[in-house]
Amino acid sequence: MQVPAARIVFPEADRAEIASLTSEILASGALTLGAHTKEFEAAFAAAHGAPFAVAVSSGTAALEIILRTVEVADADVVVPTNTFAATGFAVLRAGANLIFADVDAETFALSAATVAAALTPRTRAVVLVHIGGLITPEVDDIRALCDERGILLVEDAAHAHGSSHDGRYAGSFGVAGAFSFYPTKVITSGEGGMILTADERVRDEAVIFRDQGKAGFLGNVHIKQGYAWRMSELHAVTGLVHLRRLPEFLDSRNAAAAAYTAGLGQIEALEPILVPAGGRSNYYKYLALLRPGIDRVRLKKELKERHGVSLSGEVYEAPLHEQPVFESYARGNHPVAQDVCARHVCLPVHSDMTAAEVDHVLVSLASAVEALTVAI
Ligand SMILES: Cc1ncc(COP(=O)(O)O)c(C=O)c1O
């Protein structure tokens with residue numbers, strides 16, 4: 001049996017519906033920021049209990065736009081060092097100074113303590129990244145710390161469609177949340193992004209930024225330095241149809257994750273990262289830490305070559321402060337992030353994963369770990 005690293009699930013009925021809607025859109029000539037984009041925004045907001053949504057061209061655009069609406073230029077913005085490069089790029093492109101912070105090994109996320117250690121008198125915003133779809137139970141403490149100091153909390157929810165903590169969804173904990181619809185994400189529109197917010201001013205400004213800073217879609221008065229961050233109608237219908245599968249995908253991904261957690265009880269070499277009480281992850285990634293001494297590269301090779309199992313990509317293989325492009329922002333060590341980046345694996349989770357696939361991954365892991373340990 002082969003288990004791929006990622007599988008993008010668009011059932012045939014959905015593909016047929018998207019094809020038919022695409023044909024209607026092309027015939028209509030209304031190809032961008034139209035009725036389908038509005039419908040996608042409303043449906044995505046409703047799925048997350050959010051008052052407002054603004055659809056944009058990518059998750060990176062969503063982050064940069066949020067940061068621009070909260071005016072971070074020339075100020076410091078704190079981000080966890082174990083995130084995707086796009087989080088850092090969005091901060092820099094919004095004109096801010098990037099401050100890397102360490103994280104908590106149990107959640108791979110910022111904690112109140114790591115945020116406190118990274119704050120400066122110039123901090124304007126903190127970006128909390130819900131790595132793998134997991135929302136840290138410290139989210140309220142982090143928000144309280146930010147509120148005390150007049151700092152804005154922004155969520156990078158690129159991984160966290162439908163994830164929740166204490167019944168509150170990703171995108172509701174900070175001033176705004178940025179979601180990505182890149183193909184591997186739990187919900188995709190091909191490419192695209194979404195901003196969720198309860199702040200009307202952020203919503204209004206985001207709408208202006210995404211369309212070249214124009215005061216209105218039809219006019220030609222530019223009141224901000226915006227960009228081409230629009231979502232096309234073709235992407236919007238793809239996302240809209242896919243979004244309907246979110247409850248079903250959350251259930252199937254949670255079922256696969258529960259089976260992994262039960263099975264990993266028998267495999268000492270891997271310690272699962274558990275979702276904290278009160279939380280529900282979308283399991284964009286199933287995270288587990290390898291016992292020190294187990295070589296991740298060799299384990300992945302063994303799994304792939306002998307068992308046909310491809311592990312999903314890490315989140316992330318190296319922290320940003322060790323990436324060449326961020327060299328000038330690297331200050332000090334972030335030992336927890338360095339350790340979890342070096343030592344974790346992501347077991348494959350697909351929205352249509354079968355119990356047989358999960359079993360195959362577990363049996364393969366047990367065998368591969370044993371082979372590696374014997375070889376040591
Ligand atoms: C944590 C994180 N932030 C931001 C992004 C950027 O999203 P996009 O690729 O849609 O621009 C991603 C996407 O992969 C991500 O994983």
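Two residues count as in contact when their C-beta atoms, placed from the backbone, lie within 7 Å. With that in mind, helix α9 (residues 246–264) lies across strands β10, β12 and β13 and runs at about 135° to β10. Welcome to this structure, which is a predicted model. Its strands include an open sheet of seven and an open sheet of three, and the notes below walk through both, along with the helices around them.

**The seven-strand sheet**

- Reading across this open sheet, the strands come in the order β1-β9-β8-β5-β4-β2-β3, and their pairing is mixed.
- The edges are taken by β1 (52–56) and β3 (97–101); each has a single partner strand, so one side of each is left without a neighbour in the sheet.
- From one strand to the next, the twist averages 20°.
- Strand β2 (residues 76–80) runs parallel to β4, and three bridges join the two.
- One place to look for this pairing is D76, whose bridge partner in β4 is T123.

**Strand β5 and its neighbours**

- How many of the five residues of strand β5 (residues 152–156) are buried? Five of the five are, so β5 is largely enclosed by the rest of the structure.
- In a regular strand, side chains alternate between the two faces of the sheet.
- In β5, L152, V154 and D156 point one way, while L153 and E155 point the other way, and all are buried.
- On one pairing, β5 joins strand β4 (residues 123–129) in the parallel sense over five bridges, with A125 standing opposite L152.
- To get from β4 to β5, the chain passes through helix α6 (residues 139–148), and this β-α-β crossover is right-handed.
- Strand β5 also runs parallel to strand β8 (residues 176–180), with three bridges between them; here E155 stands opposite G177 in β8.

**Helices on the seven-strand sheet**

- Helix α3 (residues 59–69) lies across β1, β2, β4, β5, β8 and β9, and runs at about 165° to β8.
- Which strands does helix α2 (residues 35–47) touch as it packs on the sheet? Helix α2 touches β1 and β9 (193–197), and its direction makes about 130° with that of β1.

**A pair of packed helices**

- Helix α1 (residues 12–28) packs against helix α8 (residues 233–243) at an angle of about 155°, and their axes are 10 Å apart.
- Angles over 145 degrees count as roughly antiparallel, and that makes α1 roughly antiparallel to α8.
- The crossing of these two helices, α1 and α8, is right-handed.
- On the α1 side, the residues that meet α8 are D14, E17, I18, L21, T22 and I25.
- On the α8 side, their counterparts are E233, L234, V237, T238, V241 and H242.

**The three-strand sheet**

- This second open sheet has the order β10-β12-β13, and its pairing is antiparallel.
- Strands β10 (270–272) and β13 (344–347) form the edges, each pairing on one side only.
- Direction ignored, neighbouring strands of this sheet are turned by 35° against each other on average.
- Strand β10 pairs with strand β12 (residues 286–290) in the antiparallel sense over three bridges.
- To find that pairing in the model, look at E271, whose bridge partner in β12 is L289.
- Helix α9, introduced at the start, is the helix lying across β10, β12 and β13.

Conventions
Residues numbered from 1 in each chain as written. Predicted model: local features only at pLDDT ≥ 70, side-chain atom pairs only at ≥ 80, totals over all residues. Buried ≥ 20, exposed ≤ 12 C-beta atoms within 10 Å, placed from the backbone. Helix = DSSP H or I, 4+ residues; strand = E, 2+ residues; numbered from the N terminus. Pairing = 2+ DSSP bridges. Right-handed = clockwise from strand over helix to strand, strands pointing away. Axes fitted to C-alpha atoms, helices over the stretch in contact; angles between N-to-C directions. Parallel < 35°, antiparallel > 145°, perpendicular 65-115°, else oblique. Left-handed = near helix turned anticlockwise from the far one by under 90°.
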